[in-house]
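Visitor: I would like a close look at a single part of this model, namely the aromatic rings and what surrounds them. Please take me through it step by step.

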Amino acid sequence: MNSLVYYLCFFSQGGGFLFPDELPPDYYSPGLFLIEPNQNGEYPYSFSFDAMDNGKRVSLNLVRADEGNPRSTLYVVRTKHYGSFWFNLERVNPFLPYLGTRPQLKNHRSFGVAITTDSVKLERVCHKFDFYFIGSTLREEDL
């Protein structure tokens with residue numbers, strides 16, 4: 001299991017997920033921030049969550065908000081300059097697999113999706129400060 005937040009797109013023709021560079025030419029699909037639960041089906045304490053900050057790639061931590069509750073699905077990314085960003089983790093249909101060729105995800109467990117609790121703040125910070133989350137696409141330059 002990789003404790004990463006991935007950036008994957010839903011590929012409706014295949015009934016699963018692909019990284020953006022694996023989509024067919026001229027196929028458009030918005031991306032989602034997806035994560036994998038651990039072997040017990042619970043979410044790990046933290047995930048690495050990549051972002052762009054003024055054109056520079058940074059790795060941040062998406063951390064469970066309630067440290068004492070391993071079943072909590074509320075997570076937070078705390079940044080030095082932009083405050084905290086809160087996300088709820090929700091299960092995704094387990095019959096929607098990763099369909100691509102990245103070996104790190106070949107034997108993955110069912111995904112969860114990280115959904116912001118405050119999209120207005122995310123958009124405001126993106127426009128005002130050029131800061132936004134990108135997740136991982138498991139390409140060489142991402143690792």
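Which residue lies over the face of tyrosine 43, and at what distance from the ring centre?

Guide: In this predicted model, the residue over the face of tyrosine 43 is arginine 91, at 4.7 Å from the ring centre. A charge is also placed over a phenylalanine: the charged end of lysine 121 sits over the ring of phenylalanine 85, 4.7 Å from its centre. Phenylalanine 85 in turn belongs to a cluster linked by ring pairs, whose members are Tyr7, Phe33, Phe49, Tyr82, Phe85, Phe87, Phe129, Phe131 and Phe133.

Turning to the pairs themselves, a search of the whole structure finds 16 aromatic pairs. One of them joins phenylalanine 10 and phenylalanine 17, with 5.8 Å from centre to centre and 70° between the planes; because planes over 60 degrees apart count as edge-to-face, this pair is described as edge-to-face. As for exposure, phenylalanine 10 is partly exposed, with a relative accessible area of 30%, whereas phenylalanine 17 is buried, with a relative accessible area of 2%.

Beside the rings, the cysteines deserve a word, since a search of the whole structure finds zero disulfides. Cysteine 9 is in no disulfide, and the nearest cysteine sulfur, that of cysteine 126, is 17 Å away, which is too far for a bond, because a disulfide requires sulfur atoms within 2.5 Å. Cysteine 9 is buried, with a relative accessible area of 2%, while cysteine 126 is partly exposed, with a relative accessible area of 28%.

Conventions. Residues numbered from 1 in each chain as written. Predicted model: local features only at pLDDT ≥ 70, side-chain atom pairs only at ≥ 80, totals over all residues. Heavy atoms only, no water. Phe/Tyr/Trp six-rings, centres within 6.5 Å; stacked < 30°, edge-to-face > 60°. Buried < 20%, exposed > 50% of the residue type's maximum accessible area, 1.4 Å probe, protein only. Lys NZ or Arg CZ within 6 Å of the ring centre and 35° of its normal.
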